[in-house]
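Thanks for coming. I have one structure to walk through, and I will keep to what can be read from the coordinates.

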Amino acid sequence: GTRFAIVIILRQITLACGSYTPAICQDVSEQRYLVTRLRNELDQERPLARTDPLTSIANIRSFRAELERSIERLSQYGRHFTLISIDLDNFKPINHDYGHAEGGAKCSKTWGIPSGLAFVAAISQHASVRRICGVAS
């Protein structure tokens, strides 16, 4: 036999002539397959939504989520942390003239860190780098 997923709906109905419990059966194999496939695709896409495609480092979404978690965690223990932002002024012309890939390479070479226009690092036991800018001004 072939296995497949079904949903069975039972509902008691009382009539003058007696009480009945009809059953409605529905094959949900296709829905289950689609939900599983969608979850797998979401699991593959989720990291992309939190990663900057130019630099392959965590982006502003990841930064905000990590910052909120850090503030909450550290405030529970009455601890402090330092937030450092590095903003590279006048970097837009390099990206404009040579392209973002070359601009990123220059940034990486100059600073010894992944490329981008601005970085924020939460300095603690667990330092992290995030690309939070890069928009035209």
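I will start with the overall layout, then take the two helices that come up most, and finish with the start of the chain.

Please keep in mind that this is a predicted model. The secondary structure of the protein chain comes to four helices and seven strands. In sequence order, the pattern reads β-β-β-β-α-α-β-α-α-β-β. The chain has 137 residues, and 20% of them count as buried. A search of the whole structure turns up three salt bridges, and I will go through each of them under its helix.

Helix 1, then. It covers residues 29-49, which is 21 residues. From the first C-alpha to the last, helix 1 reaches 30 Å, close to the 30 Å expected at 1.5 Å a residue. Where does helix 1 have a kink? The kink lies at D43, is about 25°, and comes shortly before the proline P47.

D43 comes up again in a salt bridge. Its side chain meets that of R46, with an N to O distance of 3.2 Å. Both residues lie in helix 1, three residues apart, about one turn of the helix. As for exposure, D43 has 46% relative accessibility and so counts as partly exposed. R46, at 44%, also counts as partly exposed.

There is another salt bridge in helix 1, between E41 and R37, where the closest N and O atoms are 3.3 Å apart. What separates these two along the helix? E41 and R37 are separated by about one helical turn, because they are four residues apart in helix 1. Are they buried, partly exposed or exposed? E41 is partly exposed, with a relative accessible area of 36%. R37 is partly exposed too, at 43%.

On to helix 2, residues 60-76. Its 17 residues should span 24 Å at 1.5 Å a residue, and the end C-alpha atoms are 24 Å apart, so the two values agree. The buried residues in helix 2 are S62, F63, A65, S70 and L74. How are they arranged around the helix? Seen down the axis of helix 2, the buried residues fall within an arc of 165°, so they line one face. The face turned away from that buried side carries exposed residues, namely R61, R64, E68, E72, S75 and Q76. If you have the structure open, looking down the axis of helix 2 is the view to use for this part.

Helix 2 has a salt bridge as well, in which the side chains of E66 and R69 meet at 2.9 Å, N to O. E66 and R69 are three residues apart in helix 2, so about one helical turn separates them. The accessibility values here are 21% for E66, which is therefore partly exposed, and 46% for R69, which also counts as partly exposed. The cut-off matters for E66, because buried means under 20% relative accessible area.

One more residue in helix 2 is I71. I71 counts as partly exposed, at 42% relative accessibility. What lies ten residues from I71 in sequence and 8.3 Å from it in space? That is F81, with the distance taken C-alpha to C-alpha. Between the two in sequence, G78 follows helix 2, and its phi is positive, near 65°.

Last, the start of the chain. R3 lies in the segment before strand 1. R3 has 83% relative accessibility and so counts as exposed. The C-alpha atoms of R3 and S29 are separated by 9.1 Å, although the residues are 26 apart along the chain. S29 belongs to helix 1, which runs over residues 29-49.

F4 is found in the segment before strand 1 as well, and strand 1 covers 6-10. At 57% relative accessibility, F4 counts as exposed. Which residues join F4 in a nonpolar patch on the surface? They are I6, I8 and L10, and the four together have about 430 Å² of accessible area.

To sum up, helix 1 carries a kink at D43, and D43 is also in a salt bridge with R46. Helix 2 has its buried residues along one face and exposed residues on the face turned away from it. At the start of the chain, F4 is part of a nonpolar surface patch. That is what I have.

Terms used. Residues numbered from 1 in each chain as written. Predicted model: local features only at pLDDT ≥ 70, side-chain atom pairs only at ≥ 80, totals over all residues. Heavy atoms only, no water. Patch = residues over 30% accessible without salt bridge, like charges linked within 9 Å, V, L, I, M, F, W, Y side chains within 5 Å. Areas by Shrake-Rupley, 256 points an atom, 1.4 Å probe, with all protein chains shown as cover. Buried < 20%, exposed > 50% of the residue type's maximum accessible area, 1.4 Å probe, protein only. Expected span 1.5 Å × (residues − 1). Bend = angle between axes of the 7 residues up to and from the residue. Arc of directions from axis to C-beta.
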